Amino acid sequence: MQWIRLAGRRATQLWCGDLVVVGGSLGGVAAALSARRAGRRVCLLEAGPTLGTELSAAWSTGLPDRPLCQAIRDDTASRGAPADRPVDVVLGTLAVDRLLLDTGVTVLVCARATRLVRDRRGFLAGVEVAGKSGRQVVRAPCVLDATAGQRLARRALGSSARPLRAVERRGYMVGLTVPAEGASWAVPSSLGVLGGRVEAVPAAWPGEALLRVRLAAAGLSETVLLGASLHAVTAVVAWLRQHVAEFAAATLVDVSPGLTEEASAGAAALAVPPGLGLAVLPDTPDLAVRLDAAEGLGREAAAATRRLPRLDAAPRQCLRTRELAAAPEQDLTAVRLAPALARLHEPCDVVIAGYGTGGVFAALAAAERGVRAVVLDAAPVPGGIGSAGRIHSYYHGLRGGLQDRLDEAVTGGGSALAPKVRGYHPVARAEVMTQALQHPCLEVCSGHTVFGVVREGTRVTGVLTAAADGYHVFPCQVAVDATGDGDLAAAAGAPMTLGRDGDGFPQPYSYTPSLMRQGELGHHNFDAGWVDPTDTLELSRAHLEGRAQVACRGPYTPERHYCTLASIIGLRESRFARGRVVLTFDDFLEGRGFPDTVCSAYAHHDNHAMDYAEESEWSRRHVVMFGLWRTLWHGDVPYRALLPRRLDNVLLACRALSVDHDLHQLLRMQRDMQVIGEICGVAAAEAAIQGIAPAALPVEELRPLLAARGIAPRPPRRAADLPVAELLGKLAGEGDERGLAMWRLSRSAKAVDWPAFLAGTADPNARFCGAIAAALGGQAGPEVVAVLQEVLRSRQAEPVLGLKSPQRYVVAALALAEIGAPGIAEAIGPMLTLELPAPTLLLLLRALGKAGQPAGVGAIRRFLAETAQHDFPVALWGGDPAHPTAFRDAIVIRAVRSLAQLGDTSEAWRLDALVDHPMLLWRRHARRVKGGA
Ligand SMILES: Cc1cc2nc3c(=O)[nH]c(=O)nc-3n(C[C@H](O)[C@H](O)[C@H](O)COP(=O)(O)OP(=O)(O)OC[C@H]3O[C@@H](n4cnc5c(N)ncnc54)[C@H](O)[C@@H]3O)c2cc1C
């Protein structure tokens, strides 16, 4: 292995305090709590998403009799878990979160500690971490290493990594009853299980159990162990379900994201010289011993008094890198990172960042063309949202390509693991993909977070990752960004956007637990809130808040509880790259074809937003005024939408492709991402074979390769492409046809004699829908206005135009405001009451700004004064009405914006409370509005 140095660079300080505990193991948690209780400012850092990792990731539920474990047990019992059984994996995870947050420990998850940081004099000054904001520093004079195998301290002190003897991985079984002392079964040696036996122990709930599968680990990498243990668990379950009566009706719900490691007997002990400010938890399998030591170490953590040893003897040659960085609105202190050592890998043809939904297909397609590819991902299993994210069902999207073959294998694998599954089995998917990735042309590296690149001109020539053993550089000819978030393209400097134009918010994210419903394996997909997923602090907050939402859903009972939590968060939307073409929803509705079309996509405008006031004008019309939320559509995807600007050899094999926020609501489904992944894999391989950049690859050469794989676009179709008379005839109808006719008529409103149409039409539905289309099409004559005013005056509410459309009179008001109809502000003013839900109030506030009438000022100010104490609660999509989300901030900012449009800044002071909002998205939005107000 060759080493290279990453050049020093500017970065930001994530946190500053007295003690950093690295590793969210139970020992790390105990140490953090004890130090915090002793008055220290403590930060607990964890590379994965959860804390108390023995319990939350490796699912070791038999906790010793120690204060931390008792506190966890008490908390889970308070939520309904049986007190006399092992701790529940989900509730135990929530309990650890609560203990830490209640005690005031700063928690950062999905932030990988990579090395110790020293100050100018050589004393310990904290830890460098890598995450969604690239490399940052967590500053403190004391560091406690609570990682498995003391990895951080061993590297810092030049001690070799502790060799492993075995690992254990657990499977969560439902429909399996085992005695309190556990049970075991002999399994064939061909399954590769250590000792030829597997054991099961009871889980927290009756009729549920945890299967323990052990494997020999000597000399094997983390990636190999993750793959082999996943295979072993699924193979064992399939075999037991066939051969052992107790298992016949049992379901494998999930496989633990983490492994329990067993060190070799002869592993050298690590001696940490005193005075460095560095402490380590003892490396023993006895959790009670680790917890006892942690309590003491937490209290005693002492600041550095001796210099850290310098170890690296790498060549002086420095790589200049481009890396992700924190959002400026986080207001973090700037710091300078010293040059860092990185392992330099052999050059490969293609690097694929991310083995999620699109990435797996990119990797397999590239490998099938015979190029050498490296696949890098932070998550423990491949498959992304569909496996680790537990969204195990297809929703629209088009078939074709490699997915049809893999789907068959997943279906077969799933039926071997469970009697009944809603959608496909996420573990079967992970297993099928893991096996498929074991291709001789592929090198897969799990546990690698991509945070930067080496760029030469317009080419990415290397990809940087952070892993448990430090930094890595993977030189490549072509890079494929399949991170979902566009991390690679963003780090490389491609222009990116995030969120909608109105306020910069992406769609809400979900936090998805798995559950059994009436004997069927399923998942609970509910929206948890908003996050800018491209920022380390924000993503960490979102994980904790997502879990807090899960915690709200109690009390839990034997009949109604979750089994496991998704190990990646459900991000619907993140960055989009600006490609050589930016695809819009209009392109789909107008049936636009492209000279370089490579595939089609298919879905509806699946936008989970509740507040259409902040969506684009197009979206507001489409959803609110034409009632078209559910309408299915398909359209062409050009190759140029997969090529980010300013970079010649990067392809976008994920939802970060070049679309606008509106089209993204449609163009992100799993099937479509799989096809797009496959296209990128073929294009990357072909470019590498020809020695050219993917941007230079002629589409005429790509298309036959795709066609041979069963990937071909569906011919585009122009929506509601009918003569005007027919369109007018559809206004009396319902649903999609009516909505699409309204949409098309609003675009060709000039071609209609609206007074004649309205005079000759008795049907009130057709008159109303026609008047909306005419008004939005700029043809708001007196007859049109009269129809809308009548609906408004009579407060006609029903029938609504579609899902997510408000009452008809609100739609009429919005249309009248849109055209600035005289007196509309006076009419809307009295509608601003708490009788209407917050999303409708937002629409009306926006309409007042748009109408531009002075009466709007008084109406908005009165509304703000009258509702000063109100939260504006809204249940998010799939959310729990008992635990709604407050829309107050949205209301305030929208009101201030509308007032500003009306020339009134008297309420701008209300933004002062929001410009330092704890959520980045609000803070950023409030600052922008304040800057413009
Ligand atoms: C809650 C939710 C529900 C949905 N419901 C459905 C549905 O029912 N049906 C449907 O078809 N679609 C659904 N979708 C949409 C669809 O699942 C996603 O849009 C699609 O899976 C995204 O694929 P992707 O490859 O872009 O990202 P992902 O599948 O998320 O893959 C990204 C991969 O990159 C890795 N990664 C990310 N950043 C880094 C980094 N910096 N370094 C290394 N690795 C990294 C991740 O670990 C992950 O493995 C849903 C999406 C969500 C979030």
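This is a short talk on the empty spaces, the ligand site and a few backbone details of one protein structure.

Hi everyone, and thanks for coming. One thing before we start: what you see is a predicted model, so please keep that in mind as we go round.

Let's begin inside the protein. Rolling a probe the size of a water molecule over the atoms shows where empty space is left. How many cavities of 30 Å³ or more does the structure hold? There are four of them, and I'll talk about two.

The largest cavity has a volume of about 160 Å³. Its lining is made of 17 residues, and if you want to find the centre on your screen, look for D254, V255, V381, S387 and A388, which are the closest to it. Which elements supply at least two residues each of that lining? One is strand β14, residues 251–255, and the other is helix α10, residues 426–437. The largest share comes from α10, with three residues.

What about the chemistry of that wall? Sorting the lining of the largest cavity by class gives 11 nonpolar residues, three polar ones and three charged ones. The domain picture is nice here too: domain 2, spanning 164–263, gives at least three residues to this lining, and so does domain 3, which is made of 345–503 and 573–708.

Now the second largest cavity, with a volume of about 60 Å³. The residues lining this one are R620, M625, L814, E818, L843, R846 and A847. Three helices give two or more residues each: α14 (617–625), α23 (808–818) and α25 (838–851). Of these, α25 gives the most, with three residues. By class, the lining of the second largest cavity has four nonpolar residues, three charged ones and no polar ones.

On to the ligand, which many of you will want to look at. Around the ligand there are 32 residues, and those that come nearest are T357, D377, V450, D487 and R668. Where does the backbone meet the ligand? I'll give you three contacts. A polar backbone atom of S393 sits 3.0 Å from a nitrogen atom of the ligand. For Y395, a backbone N or O atom is 3.2 Å from a ligand nitrogen. On the oxygen side, a polar backbone atom of Q670 is 2.9 Å from an oxygen atom of the ligand.

How much of the ligand's accessible area does the protein cover? On its own the ligand has 1000 Å² of accessible area, and the protein covers 94% of that. The shell around the ligand takes two or more residues from each of α8 (357–368), β24 (449–456) and α16 (670–690). Two residues I have already named fall in those ranges: T357 is where α8 begins, and Q670 is where α16 begins. As for class, the shell divides into 14 polar, 12 nonpolar and six charged residues.

Next, a space that is open: the second largest pocket. About 400 Å³ of space lies in it. The pocket has 20 lining residues, and L101, S540, R541, L544 and E545 lie nearest its centre. Which element gives the largest share of this lining? That is α12, with nine residues. At least two residues each come from α4 (89–103), β5 (106–108) and α12 (536–552). The lining of this pocket has nine nonpolar, eight charged and three polar residues.

Let me finish with some backbone details. We can stay close to α12 in the sequence for one of them, as P555 is in the loop between α12 and β32 (564–565). The peptide bond from G554 to P555 is cis, with omega near -5 degrees.

Another cis peptide bond joins E798 and P799, and here omega is about -15 degrees. P799 is in the loop between α22 (782–793) and α23, and α23 is one of the helices that help line the second largest cavity.

The last residue is W59. Phi of W59 is near 60 degrees, which is a positive value in a residue other than glycine. You'll find W59 in the loop between α2 (53–56) and α3 (67–78).

That's all from me, and I'm happy to take questions.

Definitions and conventions. Residues are numbered from 1 along each chain as its sequence is written. This is a predicted model: local features need pLDDT of at least 70, side-chain atom pairs count only at pLDDT 80 or more; totals for chains, interfaces and linings use all residues. Side-chain values use heavy atoms; hydrogens and water are left out. On a 1 Å grid over the protein atoms alone, a cavity is a set of points where a 1.4 Å probe fits but cannot get out, and a pocket is an open set with protein on both sides within 12 Å along at least five of seven lines; lining residues have an atom within 4 Å of a point. Grid points are joined across faces, edges and corners, and a volume is the space filled by probe spheres set on the points. Helices (H or I, at least four residues) and strands (E, at least two) are DSSP runs, numbered from the N terminus. Ala, Val, Leu, Ile, Met, Phe, Trp, Tyr, Cys and Pro count as nonpolar, Asp, Glu, Lys and Arg as charged, and the others, Gly among them, as polar. Domain bounds come from an automatic or database domain assignment. A residue is near a molecule or strand if one of its heavy atoms lies within 4 Å of it. A polar contact is a pair of N or O atoms within 3.5 Å; within protein, one must be able to donate a hydrogen and the other to accept it, and residues adjacent in sequence count only if both atoms are side-chain atoms. Accessible areas come from the Shrake-Rupley method with a 1.4 Å probe; for residues, only the protein chains shown count as cover.
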